[in-house]
Structures are given as C-alpha cells and as structure tokens.
Amino acid sequence: MEHIMSRERPLVSVIIPSYNRSEVLRLCLDAVNNQSYPHIEVIVVDDCGTEDAAQVAASRGARVVRTEVNGGPTPARNLGAEHATGEILFFLDADIALDPDAVENAVRILETHPEVGALGGILRPESLASQSLASQYRALQMHRWWMPAHRPTLELHAAVLAVPAKVFAEVGPFDPRLRETVSSDYRIRVTRSYEVKLSDAIRGRKDHDATVGTILRKVFRRARISALDWRKGETPGDSVPRAVGGVLLLAAVPALGLRRLVGRAGALVPPALVATAVALDAGTYRFAFARRGAAFGLYFSGVHLAVTFTGALGGAVGVLQRVALARLDKRLALAALDERARD
C-alpha cells in the first residue's frame, strides 16, 4: 500500500510533548527553528507543567496546547497530532535538539520511499546539556542500544519519529494505555501495512541524566513496566543476546554461593557468567573504548554492567508481577463463575 504526498513540499508538524525543564526546551526549539527545511509548524503540548515552558514555546513561535491532566508523553503526542495540519507528523521529545538537516532528510526519505509508514531517527553519542560522566555514559549507551542504525527494521522510538499524517490517521494514535512499550506496539501496528525504517540521516542530541543513580532507577522502572506490558512480537530488552546477558548477570549473584558447595570449581562460575554476558554485548564495550579511550572505557564498563544487571532485575520483577496478576485474574474469573452458578 502506498501513501501519496502532495507535489509541493509538504508541511511538517513538529509535535513536542513537554513537561517542565524549560531550559532544555529552549535548546530543542532553537534547533527546530534552525532547520534547513522551511515548511514547518511547531506544536508544543504542555503536559500540565509548573514551569514557564508554555511561555518559552510561545516566545519561539510555537503553537501551545495543554493537556487537561498530566498523563505523560503518549497522550500529549496524540493531542498534538489532533491539532496538527501538516502532511508529515514529526514527533520529537523536548530534551532533544535536532541536527539542522534532520527534518529535510526525513521529508526526502518519505517522499522517495512511499512504502515507509514510520521513519525513526537516532540519537548522537553526545549529551545535549549535561556533561557529567554519567550523562556521557548514557549518551554512548543509548546511541548504541536504543537506536542502532545497523538494525534499521527492529527499533522504533517515538522520541524522534516521522509519520505521514495519512498513515497516522489510518493506523491510529499511540496507545495511551502503554507506558514503556508504546513504540514497540506502534511499530507492530505500522508494519501490518507499511515498512518501518530507521535512518542515521535524522539525528539529534538528547540531554541525558546526570547521575548513575537516576539512570539505574529509570532503567529498573522501564524494564519492570516493559515486562508487564510486553506483547507477542516484541523483542525482550530490544535485543535477545543482551537480554540473555542480563539473565546471566542475575544468575551470577546466587552463583557466588557455589564455592561453599563445590569448592574452587564453584568459584569459577560467577566470573564465567559475567564474562559471557560481556561477550554477548562486546560491540558496545568496544564502541566505548574506541570512541573515548581506555580510562572512560573502564568507567563505561563498570556502569554498563550495573545498568545491564539492573535492567534484568527490573524485567524479572515485572515478569513475577505479570504472573501474579494473571493468577489473580484467573482466580477472580473463577470466583465470578462460581457466583453466577450459585445464582
């Protein structure tokens, strides 16, 4: 199935969900206003923020709409799409500053590839504002893990995503019931009729979290919720080898007790599990060393092991919660049947 755009250069609606952090929103909007592509309307969706984000957006020429309640980026994106008039919807998180040619490249790709129904971009391996070691780690890690251009048909992230308006109307809005798997769900829905493409010609810098503690908390929460929301067709942890590596790191903790049970041979099991986990994600470690050198590579490796372990732990907790909820639902359903039978 093909969607056809007008012969004139299409209007692009850049839709930015925003919740506070007006200082970063300024950088995002300045980058949008500096795009080489001229036909752009900017819609900032103020998700009931308490800062001056709405004033910042209006001062930079953006149209501002406001949600009725704070519901997160997914309902905000949907609301922005309702107010958009462009032929292309370009969804962009408020903490990302696009490269100057990002929108122009997105339009060119969609015009020349009408079979593409959703076009994702990638994050640069540099943080936008925060330059702490933790934010530098996260920039490299997310560049490598979350938006890998070498796997162009697997990943899709609503943080940097261009969708023809006709396709969005046909496929429907993002599912507001989902929290951390909304992008995966949307990719599955789009690919029923169209292709999904990821391009490194659409790039931006994200402002990453400044502390390891914040990163670990977010990783745990996202992994737990992703396990709860997981649907058939999605890839666990975005990568099967990395998911297996996380499980091995989890297994290394109880394996520490093997030395008491089986002696020296048991002491070899935990480091072997860790080494295997590292080998399964060796490309990420090599990327960090090659890009930033040995000193930062060692720092990266330590934090990355903690992040991988925390993600696996969050996923395990989510799976346990999912099983418990399924059993509870089954018991409630059986109780309802018994009640009906008594009536």
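A salt bridge is taken here as a side-chain nitrogen of Lys or Arg within 4 Å of a carboxyl oxygen of Asp or Glu. The structure, which is a predicted model, holds 14 salt bridges.

One of these joins the side chains of Asp 95 and Lys 206, with an N to O distance of 2.6 Å. Asp 95 is located in the loop between strand S4 (88–92) and strand S5 (96–98), and Lys 206 belongs to strand S8 (residues 195–206), so this pair ties together parts that are 111 residues apart in sequence. The relative accessibility of Asp 95 is 16%, and this residue therefore counts as buried. Lys 206, at 15% relative accessibility, also counts as buried.

Strand S8 takes part in a further salt bridge through Arg 203. The partner of Arg 203 is Asp 99, and the closest N and O atoms of the two residues are 3.3 Å apart. Asp 99 is placed in the loop between S5 and helix H4 (102–112), so its pairing with Arg 203 of S8 ties together parts that are 104 residues apart in sequence. The two partners differ in exposure: Asp 99 is buried, with a relative accessible area of 10%, whereas Arg 203 is partly exposed, with a relative accessible area of 27%.

A salt bridge within a single helix is formed by Asp 185 and Arg 189, both of which lie in helix H7 (residues 182–190). Their side chains meet at 3.2 Å, N to O. The two positions are four residues apart, about one turn of the helix. Both Asp 185 and Arg 189 are buried.

Salt bridges also link Arg 21, Glu 23 and Asp 207 in a network. Arg 21 of this network lies in the loop between S1 and H1, and at 35% relative accessibility Arg 21 counts as partly exposed. The backbone of Arg 21 has a phi near 50 degrees, a positive value in a residue other than glycine. A positive phi is also found at Asn 20, where the angle is near 60 degrees; this residue, too, is not glycine. Asn 20 is placed in the loop between strand S1 (12–18) and helix H1 (22–33). With a relative accessibility of 12%, Asn 20 counts as buried, while Arg 21 in that loop is partly exposed.

The packing of two helices was also examined. Helix H9 (residues 240–255) and H12 pack with their axes 8 Å apart and at an angle of about 165 degrees. Angles over 145 degrees count as roughly antiparallel, and H9 and H12 are therefore roughly antiparallel to each other. Their crossing is left-handed.

A nonpolar patch on the surface is formed by Val 240, Val 244 and Leu 280. Together these residues have about 220 Å² of accessible area. Leu 280 is found in helix H12 (residues 269–280), and the residue range of helix H9 is 240–255. The relative accessible area of Leu 280 is 35%, and Leu 280 is therefore partly exposed.

Conventions: Residues numbered from 1 in each chain as written. Predicted model: local features only at pLDDT ≥ 70, side-chain atom pairs only at ≥ 80, totals over all residues. Heavy atoms only, no water. Patch = residues over 30% accessible without salt bridge, like charges linked within 9 Å, V, L, I, M, F, W, Y side chains within 5 Å. Areas by Shrake-Rupley, 256 points an atom, 1.4 Å probe, with all protein chains shown as cover. Buried < 20%, exposed > 50% of the residue type's maximum accessible area, 1.4 Å probe, protein only. Axes fitted to C-alpha atoms, helices over the stretch in contact; angles between N-to-C directions. Parallel < 35°, antiparallel > 145°, perpendicular 65-115°, else oblique. Left-handed = near helix turned anticlockwise from the far one by under 90°.
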